[in-house]
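I opened this notebook to record a series of look-ups in one structure. The entries follow the order in which I made them.

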Amino acid sequence: MGKIIAITNQKGGVGKTTTSINLAASFSTMKRNVMLIDLDPQGNATTGSGINKSQIQYSSNQVLCNEISIKDALIKTSGGFDLLATSQELIVAEMQLLQLPEREKHLKTILDSVATNYDYILIDCPPSLSILTVNALVAADSVLIPIQCEYFALEGLSGLLSTVEQIRNSINPKLHIEGLLRTMYDGRNRLALDVSSQLLAHFPERVYRTVIPRNVRLAEAPSHGIPVLHYDEKSQGALAYLALAGEILRRSEKIEV
Ligand SMILES: Nc1ncnc2c1ncn2[C@@H]1O[C@H](COP(=O)(O)OP(=O)(O)O)[C@@H](O)[C@H]1O
Ligand SMILES: [Mg+2]
């Protein structure tokens, strides 16, 4: 049974999508079977994986509305992982979800049918605590939280952690924090250093040792529709996401990689 990781933070622009695409590609390079679910109606993970949103035949919208099976909707990407793509129509699915009796569990039920085919299923969440994010948190085994080390970062984090706790105490007892990831990190910046040391002090076990630096290659790669590993494999960004994948594998599979 594959491990399902929701990549979430209700703040926008913190590196959720960048982490989703590049972690998916890094796991694929390490010979793991990976599915990436784009659960943000903006569809940035879809475009960044090289899929033209206007040309997708089936998307997460139809899957969530039970119009087609997830197996028929998955697209093989050049990054080596399978993608459940998204278009703006996901907003329609979001409204339909609200009318279902078991609306929080819908994605979980869908993923139960395919999870055994994958080692990792990553979910790129929207920047809100909407019903889509709740579906991701109910389906997931764990939560990976990208954090940009700046002033309001910690404030948003406590709200997110209490949401995770609420879901753990109610619908999904196995949900745990996979890890807190420092993104767009610039060690010359005093504030970044301060926030980073506060994170380490509060969550010593949960903060990844791997830090994702601010790296222009990471920002450029999506416009070419490829993960940074295939755009510039020697860049600091590519190396950082490979290191993160290695750290997660070591922690969860308890093997030397
Ligand atoms: N480590 C990084 N270095 C430089 N730019 C980055 C980095 N991570 C993300 N970006 C850029 O910052 C912006 C926001 O990142 P994104 O992953 O889309 O965040 P989110 O999904 O949380 O909204 C994007 O333009 C992205 O290319
Ligand atoms: Mg995003």
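The entries below go from the sheet to its central strand, the core, the helices, the ligand shell and two single residues.

**Entry 1, the sheet.** I noted at the outset that this is a predicted model. I then looked up the strand order and found an open sheet of 8 strands, arranged 3-4-2-5-1-6-7-8, with mixed pairing. Strand 3 (75-76) and strand 8 (207-213) form the edges, each being paired on one side only.

**Entry 2, pairing of strand 5.** I asked which way strand 1 (residues 3-7) runs against strand 5. The two pair in the parallel sense, over 5 bridges, and Ile7 stands opposite Asp124 of strand 5. I then turned to strand 2 (residues 34-38), which runs parallel to strand 5 and is joined to it by 5 bridges; here Val34 stands opposite Tyr120. Following strand 1 further, I found 3 bridges to strand 6 (residues 142-148), again in a parallel arrangement. Ile7 stands opposite Leu144 in strand 6, and it also stands opposite Asp124 in strand 5.

**Entry 3, burial of strand 5.** How many residues of strand 5 (residues 120-124) are buried? I recorded 5 of 5. Tyr120, Leu122 and Asp124 point one way from the strand, whereas Ile121 and Ile123 point the other way. This is in line with a general rule: in a regular strand the side chains alternate between the two faces of the sheet.

**Entry 4, the nonpolar core.** I looked up the largest nonpolar core, which has 74 residues; Leu122, Ile123, Ala136 and Ala140 touch the most other members. Helix 12 (residues 236-253) gives the largest share of this core, 7 residues. I listed the contacts of Ile123 beyond four places in sequence: Ile4, Ala6, Ile7, Ile37, Leu39, Ala136 and Ala140. In soluble globular proteins, nonpolar side chains tend to be buried together.

**Entry 5, helices on the sheet.** I found that helix 8 (residues 153-170) lies across strand 6 and strand 7, at about 170° to strand 6. Helix 12 lies across strand 1, strand 7 and strand 8, and runs at about 165° to strand 8.

**Entry 6, the shell around ligand 1.** I counted 18 residues around ligand 1, of which Gly15, Lys16, Thr17, Thr18 and Ala219 come nearest. The shell divides into 7 nonpolar, 9 polar and 2 charged residues. Helix 1 (16-29), strand 7 (176-185) and helix 10 (216-220) each supply at least two of its residues. Helix 1 has the largest share, with 3 residues.

**Entry 7, two residues set side by side.** I chose Ile121, in strand 5, and Arg217, in helix 10. Why does Ile121 count as buried? I recorded Ile121 as buried because 27 C-beta neighbours lie inside 10 Å, and the cut-off for burial is 20 or more. Arg217 has 15 such neighbours and therefore counts as partly exposed.

Leaving aside neighbours within four places in sequence, Ile121 is in contact with Gly2, Ile4, Met35, Ile37, Leu111 and Ala115. With the same exclusion, I listed Val228, Tyr231, Asp232, Ser235 and Gly237 for Arg217.

Lastly, I looked up two C-alpha separations. Ile121 and Leu36 are 85 residues apart along the chain, with 5.9 Å between their C-alpha atoms. For Arg217 and Arg32, 185 residues apart along the chain, the separation is 24 Å.

Definitions and conventions. Residues numbered from 1 in each chain as written. Chains lettered and ligands numbered in written order. Predicted model: local features only at pLDDT ≥ 70, side-chain atom pairs only at ≥ 80, totals over all residues. Near = placed C-beta within 6 Å. Helix = DSSP H or I, 4+ residues; strand = E, 2+ residues; numbered from the N terminus. Nonpolar A, V, L, I, M, F, W, Y, C, P; charged D, E, K, R; others polar. Buried ≥ 20, exposed ≤ 12 C-beta atoms within 10 Å, placed from the backbone. Pairing = 2+ DSSP bridges. Core = buried A, V, L, I, M, F, W, Y, C linked by C-beta atoms within 7 Å. Contact = placed C-beta atoms within 7 Å. Axes fitted to C-alpha atoms, helices over the stretch in contact; angles between N-to-C directions.
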